[in-house]
Amino acid sequence: MLSVLEYALRKQQREELKAKRNPEIEIKQQCKMWTAALCVLLCACLVATAAQIAYTGHLSELRIKELSQLAMRMEHSINAQKYACDSYYDYVCSRNRPLFSVMGHLPPSSDLIQLLTKLQNDPEQFEAKQKLIDFFISCNTLKSLQDCYRETFEYFKPLFGYIITKDLVEGSSHELRDFRDLIQRFVNRSKSVFGTDSHPLRNRLQNYKEKFATPSIYFYAGDLNREYAGLRIYRESYEHNLRNLEQHRKRNSTFELGVQRTMLDWSLYLYQSRYKPMSYFYPTFTVHLYMTMFNISERQRDSTHFREEAECLKLPQYVNVLSEARMLAVIYLKSFRHTWQEYSDWIQSSTKHRAIYDQENEILRHYQLSNKRIFFTLFAQNFCEFGKELAEHVFYLGLKENADFFNTYSCGYQTEITRNCV
């Protein structure tokens, strides 16, 4: 089978011959050739791995490297010209460069190249993979390689789930084990927060956690062939392929709902999260579990008691008049509070966890960062899209009552504590 990158390079060679007959496009072809060559070189670098992974203290070289890269990305994400204590929204959102979303984001081009190369080189040949390759080829007749990597990922995510769970998320990996432990800690803690009675979400999480011990069983080649069985893909007709894929996603995809959707989302999230510190997992994953639980429990509470809590928060008038805004303020305040407490408990739960936390902080200190700053930043960036007013007065209430937040940014003052309200 002709590899995707080989196809792209051969395409460049054919266009070079055309360029000799048309000097006006020769410069453009040279640029394209260098782009393709760079992709091949990058793939070669990415797939080469060391036989042994060295450790310094409790952290592997891969985790240390990822921590430094995360710190550098955060430096470009936040706006250091803004004062965090005056407006945390301006500090973390004004550059419009949030780092992560709750259930993953579009991987960077280097990761897409790596994943597609692994998929192409995987010895198992099956029809769904051939349709992905044919779509990529049809796309590259009209669009750039980078655009085609992105579109191929968006339309064939289950096949990326296949290669991620087969090669990168093995049952013995510590990333998978730590992620499942994170879910279990939430399930255990939720019993004291929400009561020990059976809860649909908690039961479902427990069930999904067990299923995620072997996520690859949801991405068998035969199942993927059935998933894309009715999909027609033509190498020569990119526009027809787009229409067919949109119709398939709306009508036929089993990965849009239910357990398959969760297994896919978690697999993509775990790939995004490899080698990250725990200060990343809590504000990008655990907090959303609390949001979902409180969104259910708070709406079932006595309305009088809830109204008293909301009034105590002293929300701005334009927020307080909206019952839904009052509800969200309480939900997100409680979600932040319990997520922060759970993260703090994780640090103190063992001497190893504390040693990992301290070692990470020592590395982050060179970038004027810390695990606490990572936690607060990633939590706040969940809400950049809602705008400054709602973020500051609804979603950030938990930050503004947190003593660690004020100490971390050396604010020197603290707004009125709302802990006694809720």
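This passage looks at two helix pairs and two aromatic pairs in a predicted model.

Two packed helices are described by the angle between their axes and the distance between the axes. For helix α14 (residues 278-297) and helix α19 (residues 371-381), the axes come within 8 Å and cross at roughly 40 degrees. That makes α14 and α19 oblique to each other, since angles under 35 degrees would count as roughly parallel. The handedness is easy to state: α14 passes α19 in a right-handed crossing. On the α14 side, the contact draws on S279, Y280, Y282, P283, T284, V287 and M291. Facing them on α19 are N371, I374, F375, L378 and F379. Sorted by class, the contact of α14 with α19 comes out as nine nonpolar residues and three polar ones, with no charged residue in the mix.

Helices α6 and α7 give a second case. Here α6 (residues 127-140) and α7 (residues 145-155) pack at an angle of about 145 degrees, and their axes are 9 Å apart. This crossing, too, is right-handed as α6 passes α7. From α6 come L132, F135, F136, C139 and N140, and these meet L145, C148, Y149, E151, T152 and Y155 of α7. The contact of α6 with α7 splits into eight nonpolar, two polar and one charged residues.

Turning to the rings, the count of aromatic pairs comes to 48 when ring centres within 6.5 Å are taken as paired. One of them joins Y88 and Y409: the ring centres sit 5.4 Å apart with the planes at 65 degrees, so the pair is edge-to-face, the cut-off for that class being over 60 degrees. The two tyrosines come from distant parts of the chain, 321 residues apart. Y88 belongs to helix α4 (residues 88-93), while Y409 lies in the segment after α22 (403-408). Y88 and Y409 are both buried.

Another ring pair brings the story back to α19. The rings of W340 and F375 have centres 4.9 Å apart and planes at 75 degrees, so this pair is edge-to-face as well. W340 sits in helix α17 (residues 323-348) and F375 in helix α19, and the pair links distant parts of the chain across 35 residues. F375 is also among the α19 residues that make the contact with α14. With a relative accessibility of 8%, W340 counts as buried. F375 counts as buried too, at 0% relative accessibility, because the class takes in anything under 20%.

Notes. Residues are numbered from 1 along each chain as its sequence is written. This is a predicted model: local features need pLDDT of at least 70, side-chain atom pairs count only at pLDDT 80 or more; totals for chains, interfaces and linings use all residues. Side-chain values use heavy atoms; hydrogens and water are left out. Axes are lines fitted to C-alpha atoms, for helices over the stretch in contact, and angles run from 0 to 180 degrees between N-to-C directions. Helices (H or I, at least four residues) and strands (E, at least two) are DSSP runs, numbered from the N terminus. Angles under 35 degrees count as roughly parallel, over 145 as roughly antiparallel, 65 to 115 as roughly perpendicular and the rest as oblique. A crossing is left-handed if the near helix is turned anticlockwise from the far one by less than a right angle, and right-handed if clockwise. Contact means heavy atoms within 4.5 Å. Ala, Val, Leu, Ile, Met, Phe, Trp, Tyr, Cys and Pro count as nonpolar, Asp, Glu, Lys and Arg as charged, and the others, Gly among them, as polar. Rings of Phe, Tyr and Trp (its six-membered ring) pair if their centres lie within 6.5 Å; planes under 30 degrees apart count as stacked, over 60 as edge-to-face and the rest as tilted. Buried means under 20% relative accessible area, exposed over 50%, partly exposed in between (1.4 Å probe, protein chains only).
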